[in-house]
Amino acid sequence: MEKTAGQIEGDLFKAIQTTDLQAGINGKIYRKGLRPLNSQSEDAVIYFVDGVSGQKQKGNVEVNVFVPDKDNGTGVYTQNLSRTTAIEAALAKILSQLPTTEYDLKLGDTIRTYEDKDSHQHFVCLSLDYSRITF
């Protein structure tokens with residue numbers, strides 16, 4: 001049976017919660033749309049990006065970890081490079097920690113950090129490609 005986007009996102013959210021990610025950040029792990037507005041914590045957000053249905057469902061889910069920028073003392077915000085670098089390394093370990101499930105998971109793209117100018121934060125992105133056989 002094929003799964004919906006919400007079901008896939010929920011399954012991978014539960015799987016991510018079993019890893020060491022929570023211990024490596026000072027915030028919480030959320031599904032898309034549930035992270036508190038204006039949060040200044042290192043929160044992880046899991047969300048479904050896209051998928052193709054059929055006998056073999058496949059697609060992409062992302063894990064974004066937000067890191068508040070640092071005020072350099074003059075009101076200019078800059079990337080907290082030490083934290084984003086540490087979180088990139090932590091996310092690189094996540095794939096090997098995920099429990100065996102009905103999903104075949106692979107790294108989708110290089111783990112990297114993006115700027116979110118509006119919130120004075122950067123976020124580290126782990127892209128996971130998934131596939132699963134439908135019955």
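What is the volume of the largest pocket? Keep that question in mind as the tour begins. The model on your screen is predicted. The largest pocket has a volume of about 190 Å³. We will come back to its lining after a look at the whole chain.

**Stop 1: the whole protein**

Show the protein as a cartoon. Look for 3 helices and 8 strands. Now follow the elements from the N terminus. They run α-α-β-β-β-β-β-α-β-β-β. The radius of gyration is 16 Å, and the globule rule gives 14 Å for 135 residues, so the protein is as compact as a globular protein of that length.

Turn the model to view it along each principal axis. The C-alpha trace spans about 60 × 25 × 20 Å.

Next, switch on the surface. The protein exposes about 7600 Å². Carbon and sulfur atoms supply 52% of that area. Buried residues make up 40% of the 135 residues.

Then think about contacts. Take those with a separation of 6 or more. Residues 24 or more positions apart account for 55% of them.

**Stop 2: the largest pocket**

Which residues line the largest pocket? Select Gly33, Arg35, Pro36, Leu37, Asn38, Ser39, Gln40, Val45, Phe66, Asp116, Ser119 and Gln121. Colour them by class. You should get 4 nonpolar, 6 polar and 2 charged residues.

**Stop 3: Asn38**

Stay with the lining and pick Asn38, one of its residues. Asn38 sits in the loop between strand 1 and strand 2. Is Asn38 buried or exposed? Its relative accessible area is 65%, and exposed means over 50%, so Asn38 is exposed.

Check the backbone here too. Most residues other than glycine have a negative phi. Asn38 is not a glycine, yet its phi is positive, at about 65°.

**Stop 4: Ser41**

Move along to Ser41. This residue is also in the loop between strand 1 (29-31) and strand 2 (44-52). Ser41 is partly exposed, with a relative accessible area of 26%.

What does Ser41 touch, not counting residues up to four places away in sequence? Select Asn26, Gly27, Arg35, Phe66 and Pro68. Two of these names may look familiar: Arg35 and Phe66 also line the largest pocket.

Now draw a distance from Ser41 to Thr19, C-alpha to C-alpha. The two are 19 Å apart in space and 22 residues apart in sequence.

**Stop 5: Val49**

Go on to Val49, in strand 2. Val49 is partly exposed, with a relative accessible area of 38%.

Show its partners, leaving aside neighbours within four places in sequence. Val49 is in contact with Asn60, Val61 and Glu62.

Draw another C-alpha to C-alpha distance, this time to Ile16. Val49 and Ile16 are 16 Å apart in space. In sequence, 33 residues separate Val49 from Ile16.

**Stop 6: His120**

Where is His120 found? Look in the loop between strand 7 (112-116) and strand 8 (121-133). His120 is partly exposed, with a relative accessible area of 38%.

Check phi once again. His120 has a phi near 55°, a positive value in a residue other than glycine.

**Last view**

Finish by showing the pocket lining once more. Find Asp116, Ser119 and Gln121 among the lining residues. Then find Asn38, which also lines the pocket.

Terms used:
Residues numbered from 1 in each chain as written. Predicted model: local features only at pLDDT ≥ 70, side-chain atom pairs only at ≥ 80, totals over all residues. Heavy atoms only, no water. 1 Å grid on protein atoms, 1.4 Å probe; cavity = no way out; pocket = protein on both sides within 12 Å on 5 of 7 lines; lining within 4 Å. Points joined across faces, edges and corners; volume = space filled by probe spheres on them. Nonpolar A, V, L, I, M, F, W, Y, C, P; charged D, E, K, R; others polar. Helix = DSSP H or I, 4+ residues; strand = E, 2+ residues; numbered from the N terminus. Rg over C-alpha atoms; globule rule 2.2 N^0.38 Å. Buried < 20%, exposed > 50% of the residue type's maximum accessible area, 1.4 Å probe, protein only. Contact = heavy atoms within 4.5 Å. Areas by Shrake-Rupley, 256 points an atom, 1.4 Å probe, with all protein chains shown as cover.
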